[in-house]
Amino acid sequence: MSLAEHVLDSWAAHPVKGAPFVARHATPAVAAAHAPIPEWLAPPLKAALHGRGITHLYTHQVAGLAAARAGRNVVVATPTASGKSLVYHLAALQAIHDDPEARALYLFPTKALAHDQVVGLDALARAAGIAVGAHAYDGDTPADARRAIRAGARIVVTNPDMLHMGILPHHDQWAGLFGGLTHVVLDEAHVYRGVFGSHVANVIRRLRRVCRWHGADPQFVLSSATIANPQAHAEALIEAPVEAITDSGAPRGRRAFHVYNPPLVDGTTGVRQSYVKAARGVARALAKAGVPTIVFCNSRLSVERLTRHLKEDVAADGGDPEVVAGYRGGYLPGLRRAIEAGLRSGQIQLVVTTNALELGVDIGQLAACVLAGYPGSVASTLQRAGRAGRREEAASVVLVARSEPVDQYLVQHPEWFHGQAPEHARLLADHLLIVADHIKCAAFELPFAADEGLGGFGVEHTQEVLGWLASQGVLHGGARWQWVGPPYPAQKVPLRAIADGNFTVLDQQRRHTIIGEVDYHAAAETLHPQAIYIVGGQTYQVQHLDWGGRRAYVDPVHVDYYTDAMTYEGVRPLVAFAEAPRAHARLGHGELRVFERVVGFKKIRFATGENVGYGEVDLPENDLHTTGLWLRPDDTLAAAAGLSSHRLVDTLRGLAKALVAVAAVYLMADPRDLGHSVEGGADAPGTQPPALFIYERYPGGVGLHEALFLGFDTLLAEVDALLNGCGCQDGCPMCVGAPTPVLGEADAPRSRAAARRLLAVLRQPPSAGAAG
C-alpha cells in the first residue's frame, strides 16, 4: 500500500470524519508496449533520443510518426503523460532537418502549457544540433523578442488567441513562417469544444486561407486526451481527413480512485458538510504526511479560500506554509512561472488550482490528486486525475462530492467514471454569430473574391454574410470585398468569453500595481463594489469598479469573510424552432432573451461558512440573446400532479435544477454552461401558468438546446432516478434544491415527492392530457 493510500484510509476511518469513502476503484498498473525507433528518423534526432536513454518508442508514438511521415493529418488521443508531445516534436524537427526553409506552428490552449513545451522542444532540438529558435509568442512576450521571433524562429509556439489577434492580422510580417509552414500542431485538442472550439475552428479556417495565399498547405498533428470521438472532433476542427491513433503503448502506474460524500448534517433536509471543508481535510492529511498533492477547484474563489486555509493548516502542523501555493488564471506571468518552477523542483508540495493546471504542464511528480467537486465531465475528471502518478508511479485520487445534484447523481452512479465511454466533444463551426465575426477578421486579413467562401461555411453563405457586412459599412463590394471598417476587427472578437475586455485589478495602496485580471463574464459577480477579491490568500476589498474602463480599484484588508454575489434573472421566448405536445404541457426549443443583473451580495465567514451580512449592488444589466428549451404547462397540470397553483412554481424550479444536473452529464457540458429559470405563475387571478426554461449561457447557443429537446424523455427518466436515489426525507439541496417561500405555505419544504408526481404526469403519453 502506498503512503497516500495509507493516509487516506486513516483519514476516512477517523471518527471525526463521520463517513467512509462511498466508492473505490483501483486500476492496475499496465506495462509499456515498445516499438523500434523508425529507421527514417534523422541520425541527429536518433542520437538526441539515445542521449536521453530512449532506445525504443511507445507503439502509439511510432504509429503517429508513421502517419505524419506519410503526409497524413493525425490525432494522437491517449491518456495523460503518455508521451504525445514527442510525436509532434519529432515530426516537426524531422521536417526542418530535411528542409531548412520548413517552418512549424505550435498552438496550445494556455500560456503555461506553451512555455512549458518550449523548454522540452528546445532541449531536444539542441541535443540534435537543429537550430529552431523556438520561443513562446504571446501577450507576455517583450517587443524586442517579438521582432526576433518574426525574423528568425523556425518553430513559433503560441495559443489560438494570439494567432487570432496578433499573428493572422499581421500575416504580411510573417511571410517566412506562412510561406514555409509544413506542420501545424494543435495540442490538447479536446479542449477545443463548445464555444471556444467553435471559435478555434474558424481561426483554423482563416489560418489555412492565409497559408494558401502564401503558397503553403500545412499538415496538422493533433493531440488529445481520451474522448469518445477523437477522429470526428479533429476533422471538425481542421475540416480535413484525420487518422486517429488511440491505442496507448505507454506504461501506467496503479491508480486508486475514491469518491467521498461529506456526512449528512441534517437527515431531514439532506444538508451535508461543506465539500470545501472536506477537501481541506483530505489535503491537510496528505500534506502532513509529506505526500505531494494537487487540489483542483471549480472556481477561483475556492482556490483562494483553500490556499488560505491550507497555509494556516500546514503552519499549525509545524510545517512551512510556503510549500503551499495557489495557481489560477488571473495571476501575473512572473508569479505563474515561479509556481511552475517550484512544482518541478519539489519546493512546492501542495498546489491548489483551477483547470489552469489540468493540461500537460510539467509539474513534477505528484502522488495524490484531490478534486473539490465534479469538474463537469468525465473526460475532465480523468484528465485532472492523470496529473498525479505520471508514468509508472502509483497515484491516489479523491473526488469530494458537492451537494449539487450533478455530484450526488454521480455518487449514486460511480460507474460513470470507469464503466462508461468518455463523452463526445462537440463544436459548431458554422454558428452564425461566430462565423460572421471571423468573416470580418478574414476580410481584414485578405480581400474576399466574389466566388470565395470561408472553409466549410461555403461560398453561398459566406457571400451572404459579406453582403450584410457591406450594408453595415465595413466592406466595399465589387470584384472583391475590401475591408473599409475600423482596423483590426479581431481585437473585438474574444475566443473564450461572451464579451471582449478582461478587467484589470489595481492595488491602490501600491501605486495602482496590477495584481490580477478577471474575465468580462465574471466581473460583475467578482469585482462589484465592496466585493472581497483574493489573490494567493491575501484579501482585498473592491473600492471602485470602472465598468467602461474595465478596471477595479482595490485596497488590502484583513477580514474573516468572503463575498458571494446575488443575481436576478429573467427569460423571454423570441422564436420557436419546434414544439411538441406533452401530457398537460407543451415542450419547445428556440431563441430566448435572458437578462441578468447582480443586485447584492452575502458576506460568508471563512471559518464557519455562516452568512454574516448583506450588501446592495447597482451594476448594468447583462442582456443575452441565446437558445434554449422550454416547458409550458397548461392550466390542468397542477391538478393532475396534486399541487396547488402556487406550489407548482416551486416544484418546477426544483425540476429545472435537477434537469440541468443530469443534462450536464449527458451532454459533456459544464453545468455552468446551462442556466435555468421558471417564469410567471399564479400570483394573481387570470395569470398564465408558469413556464420552465433551460438556456445556454452564450449568445446564439451552440446547439445543446436541440439535444435537450430530442432527448427530453431520457432526461426525465434520469431525473426521476436521481430523485428516487436521494437519501433525504422529502426534498433537499442535493435533489430539488432549496425551497422558496410560497404564499400561504411559507414553511412548507420543497418536496421531492411532489417533483416525482410532476415527473410521472409529464412522462405520460401526450394523449393523457396534451396541451393544445
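**Exercise 1. Determine whether His-431 is buried or exposed in this predicted model, and describe its surroundings.**

Solution. The relative accessible area of His-431 is 5%. Buried means under 20% relative accessible area, so His-431 is classed as buried. The next step is to place the residue in the chain: His-431 is found in the loop between α15 (405–412) and α16 (432–445). Finally, its contacts are listed. Leaving aside residues up to four places away in sequence, His-431 touches Pro-699, Gly-700, Gly-701 and Val-702.

**Exercise 2. State in which order β19, β21 and β20 are arranged in their sheet, and which strands lie at its edges.**

Solution. The sheet is open and consists of 3 strands, in the order β19-β21-β20, with antiparallel pairing. Its edge strands are β19 (448–449) and β20 (475–476), each of which pairs on one side only. Between β19 and β21 (residues 480–483), which run antiparallel, there are 2 bridges. At the residue level, Phe-448 has Trp-481 of β21 as its bridge partner. A helix completes the picture: α17 (residues 459–471) lies across β19, β20 and β21, and runs at about 45° to β21.

**Exercise 3. Describe how helices α7 and α9 pack, and explain why α7 is called oblique to α9.**

Solution. Two packed helices are described by the angle between their axes and the distance between the axes. For α7 (residues 160–167) and α9 (residues 194–213), the angle is about 45° and the axes are 10 Å apart. Because of that angle, α7 is oblique to α9. The crossing of the two helices is left-handed. The contact is made on the α7 side by Pro-160, Leu-163 and His-164, and on the α9 side by Phe-196, Val-200, Val-203, Arg-206 and Leu-207.

**Exercise 4. Identify the residues that touch the most other members of the largest nonpolar core, and the helix that gives this core its largest share.**

Solution. In soluble globular proteins, nonpolar side chains tend to be buried together. The largest nonpolar core here has 143 residues. Those touching the most other members are Leu-90, Leu-93, Tyr-106, Ile-155, Leu-527, Leu-655 and Leu-659. Helix α20 (residues 645–667) supplies the largest share of this core, 13 residues. A second, separate core holds 39 residues, including Leu-105, Ala-153, Val-200 and Ala-216. Val-200 also belongs to the α9 side of the contact treated in Exercise 3. As a last step, Leu-90 may be examined individually: residues up to four places away in sequence aside, Leu-90 touches Leu-41, Leu-45, Leu-49, Leu-57, Leu-65 and Leu-124.

Note on methods. Residues numbered from 1 in each chain as written. Predicted model: local features only at pLDDT ≥ 70, side-chain atom pairs only at ≥ 80, totals over all residues. Heavy atoms only, no water. Pairing = 2+ DSSP bridges. Helix = DSSP H or I, 4+ residues; strand = E, 2+ residues; numbered from the N terminus. Contact = heavy atoms within 4.5 Å. Axes fitted to C-alpha atoms, helices over the stretch in contact; angles between N-to-C directions. Core = buried A, V, L, I, M, F, W, Y, C linked by side-chain atoms within 4.5 Å. Buried < 20%, exposed > 50% of the residue type's maximum accessible area, 1.4 Å probe, protein only. Parallel < 35°, antiparallel > 145°, perpendicular 65-115°, else oblique. Left-handed = near helix turned anticlockwise from the far one by under 90°.
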